[in-house]
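Visitor: I am new to this structure and would be grateful for a close look at a single part of it. Please set that part within the whole chain.

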Amino acid sequence: MTPQSPLGVLDANTLEELARVICGDDHLYYRKSYEIAEFLERAGWQQVPEYDGYRRDWTLARLIERRDDPTELEKILLRLADPREYLDEPEQLSAVVSAVNAFLIHEGVRLENPGGRPRLVACDPSLAHPGSQGPVELRAAMTDLISDEQMAGLLQHRLDEARTCYANGAHVAAIIMLGSLLEGVLVHVVQERDFSLLGRISPDKVSLDTLIKICYDVGWIGADVERFCHELRKYRNFVHPRAEIREAHAPDRDTLNMCWPVVNAVLNDLADSQSKAA
């Protein structure tokens with residue numbers, strides 16, 4: 001059974017922005033008039049009419065024609081996030097994805113490209129903000145690691161909130177959110193892969209320190225990742241103001257820029273160990 005698209009019927013302004021990105025300009029990947037129809041076909045559209053007219057007007061008309069079929073529009077969005085679309089200018093991929101997400105988030109979805117596999121992920125439109133990307137893109141999706149869809153969605157939401165904090169200069173809040181995300185991922189990975197590793201400890205009582213050690217001991221994360229996880233754990237404890245006072249250190253953007261790749265590395269290691277075990 002084909003999974004249902006997370007897209008609904010897109011707003012008219014969203015379609016206009018989508019047409020703009022497809023056509024491209026001086027700042028985004030530019031497509032000549034005849035290349036636009038070819039792009040639609042590469043995305044999987046059938047019976048694309050012959051190009052006739054102005055680039056953006058013609059493109060917008062094609063999108064409007066299929067506006068009531070979210071699966072057709074999803075094909076377009078996924079193709080925009082496909083690295084194979086930018087073999088001649090690979091550096092354009094991240095710029096295009098960022099441009100799309102800047103307006104797509106208002107529809108409650110966002111493009112992600114973990115491991116080069118484009119997908120649409122549901123997100124909270126209230127978290128829309130300029131510069132919605134964090135300092136490092138996470139290559140492994142939550143749904144790749146956690147089978148519990150509700151929990152995967154909750155953790156994805158925390159990642160979205162960390163991005164919002166990052167964009168607005170709330171560095172301590174972002175680090176605390178990343179630490180919470182890390183703990184949530186690790187405890188559910190342990191529960192789903194081998195519950196016995198927790199011994200007699202309840203999942204509600206196990207510490208982040210213990211979870212990091214368990215995942216390292218069984219080879220799910222590497223030694224370097226384990227070491228830096230403990231540094232992130234220490235900063236996560238700044239959720240308690242007295243802990244920050246004791247450390248006599250106020251985290252800034254540089255601190256956050258060092259913490260964020262730790263989460264990225266954890267998710268990548270967990271994904272790698274999962275694929276090796278499969």
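Guide: What follows is an account of one helix, helix 5, and its surroundings. This is a predicted model, in which local features need pLDDT of at least 70, side-chain atom pairs count only at pLDDT 80 or more, and totals for chains, interfaces and linings use all residues. Residues are numbered from 1 along each chain as its sequence is written, and side-chain values use heavy atoms, with hydrogens and water left out.

The protein chain contains 12 helices and 2 strands; helices (H or I, at least four residues) and strands (E, at least two) are DSSP runs, numbered from the N terminus. Read from that terminus, the elements follow the order α-α-α-α-α-β-β-α-α-α-α-α-α-α.

Helix 5 comprises 13 residues, 92–104. Its end C-alpha atoms are 18 Å apart, which agrees with the 18 Å expected at 1.5 Å a residue, the expected span being 1.5 Å times one less than the number of residues.

Buried residues of helix 5 include Q92, L93, V96, V97 and V100, and A99, N101, F103 and L104 are buried as well. Buried means under 20% relative accessible area, exposed over 50%, and partly exposed in between (1.4 Å probe, protein chains only). As general background, an α-helix has 3.6 residues a turn, so residues three or four places apart point the same way.

The cover over the buried residues of helix 5 includes helix 1 (12–23) and helix 4 (70–80), together with strand 1 (109–112) and strand 2 (119–122). In the protein chain as a whole, 46% of the 278 residues count as buried.

Terms used
Contact = heavy atoms within 4.5 Å.
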